[in-house]
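Hi,

Here is the structure I promised to pass on. Have a look at it first, then read my notes underneath.

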Amino acid sequence: MERGSFRAAALLVDAMGRDDRIKGVLSTRINGLLGLALSFEPPPRVAQKRRARRIAADAEDAWSRMAPEDALGDLLKWGVMLGLGLAEKVWDTSDTARWVPRLRVWHPSFVDYRWDTQSYWVTTLDGQLEVPEGGGERWVVYTPYGFHRAFMGGAVRALAIPWLMRAWSRRDLARYNELYGLGMVKAIMPAGAADEDKDRFSRQVAERGAEPVIECEQDQNGKGFDVELVQAQGTTGWQVFPATTHEADSAIAITLLGQNLSTEVREGSRAAAQVHDGVRREVTRADAATLGSTLREQLLAPWVAFNYDAPSEMVPWPTWQLEQP
């Protein structure tokens, strides 16, 4: 039995969360959707039925309990980055009149994909449980790039190299700054000096503080110990670091937003800016479609069936109010 674990990729995504560029651009994508107004619309076939409109209104009232913003954000993040977001439906039975399933997102490091069953398996305290296509009774599985081999579409695959480029460029820039920003003290010793005098002088130079006093013994001809500050001469080689970082920044923005102009603070063509903003809206539109259909089929449908004993055609659509281009 062969299986593929999400653990390494999930931990890599966690590590990428410490990168300010990836965190900022990913937050832009997530908040670009979740920051929009959300409404619940009955399916067109039953839009005129009073019962369908009442179910949609009840769904809107209960939505904050079913899908809190932090849970939706995590579900969307894992779906974008790994191709798989997994959440458990935990039923709240405190209201005897109407039970509500609440999303509890699981970290993907507990998830495996088994090739023999072609399904996902999650490790719980009770052992491994299968997550079938469509989530089944217990799970909500968000796979925006398709259920089978969903991991092949995750953004983490394309972000790995730009993320490493940024990390290495920052590390090398810090070393460059250290080399060219801190001078080297050259301790000049006279030829033939006694070893104990050399050791004493070396210790004085090595242990210098903010305002050091170093004894430099010289004879009447000016020969003896001396101290000289040697500074590295800077070159234009430093330009490679911002160039590398900029290239990585653009790759990250293009991977997550489909374009990079909306993340750049610079003057440019208004027409080009509008085109890029249109691309970003299309990415948001795609997220709204995939996340909305998943939540309708796997979260709202069981809620409607359990509380209203209504057919699937009565399940409302969660609809984000997308801006018109």
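Of the 325 residues in the protein chain, 37% count as buried. Keep in mind that this is a predicted model, and every value below is computed from it. The chain holds eight helices and 11 strands. If you take the contacts between residues at least 6 apart in sequence, 70% of them join residues at least 24 apart.

I'd start with the open sheet of three strands. Its order is E4-E3-E8, and the pairing is antiparallel. Strands E4 (100–106) and E8 (139–142) are at the edges with a single partner strand each, so one side of each has no neighbour in the sheet. On average, neighbouring strands here are turned by 30° against each other, if you ignore direction.

Now for the two pairings. E3 and E4 run antiparallel to each other over seven bridges, and in that pairing Asp92 sits opposite Val100 in E4. On the other side, strand E3 (residues 85–92) pairs with E8, again in the antiparallel sense, over four bridges. Two places to click on there: Gly85 is opposite Tyr142 in E8, and Ala87 has Val140 in E8 as its bridge partner.

Two helices lie across this sheet. Helix H3 (residues 50–66) crosses E3 and E4 and runs at about 35° to E4. Helix H4 (residues 69–82) lies across E3, E4 and E8, and its angle to E4 is about 45°.

H3 is also where you'll find Trp63. Is Trp63 buried or exposed? Its relative accessible area is 6%, and the cut-off for buried is under 20%, so Trp63 counts as buried. Leaving out neighbours within four places in sequence, Trp63 is in contact with Leu38, Phe40, Leu72, Leu295, Leu299 and Leu300. One more pair to look at is Trp63 and Pro318: they are 255 residues apart in sequence, yet their C-alpha atoms are 9.5 Å apart in space.

On to the helix pair I'd look at next. Helix H2 (residues 20–34) packs with helix H7 (residues 240–257) at an angle of about 25°, and their axes are 10 Å apart. Angles under 35 degrees count as roughly parallel, so that is how H2 and H7 lie to each other. H2 passes H7 in a right-handed crossing.

Which residues meet in this contact? From H2 there are Arg21, Ile22, Val25, Leu26, Thr28 and Arg29, and from H7 there are Asp249, Ser250, Ile252, Ala253, Thr255, Leu256 and Leu257. Sorted by type, the residues of this contact come out as seven nonpolar, three polar and three charged.

Last, helix H1 (residues 7–16). Its buried residues are Ala10, Val13, Ala15 and Met16. What do the buried residues of H1 pack against? The answer is three helices: H2, H4 and helix H5 (156–181). That brings back two helices from above, H2 from the pair with H7 and H4 from the sheet, where H4 lies across E3, E4 and E8.

Shout if you'd like to go through any of this together.

Cheers

Key
Residues are numbered from 1 along each chain as its sequence is written. This is a predicted model: local features need pLDDT of at least 70, side-chain atom pairs count only at pLDDT 80 or more; totals for chains, interfaces and linings use all residues. Side-chain values use heavy atoms; hydrogens and water are left out. Axes are lines fitted to C-alpha atoms, for helices over the stretch in contact, and angles run from 0 to 180 degrees between N-to-C directions. Angles under 35 degrees count as roughly parallel, over 145 as roughly antiparallel, 65 to 115 as roughly perpendicular and the rest as oblique. A crossing is left-handed if the near helix is turned anticlockwise from the far one by less than a right angle, and right-handed if clockwise. Contact means heavy atoms within 4.5 Å. Ala, Val, Leu, Ile, Met, Phe, Trp, Tyr, Cys and Pro count as nonpolar, Asp, Glu, Lys and Arg as charged, and the others, Gly among them, as polar. Two strands pair if DSSP finds at least two bridges between them. Buried means under 20% relative accessible area, exposed over 50%, partly exposed in between (1.4 Å probe, protein chains only).
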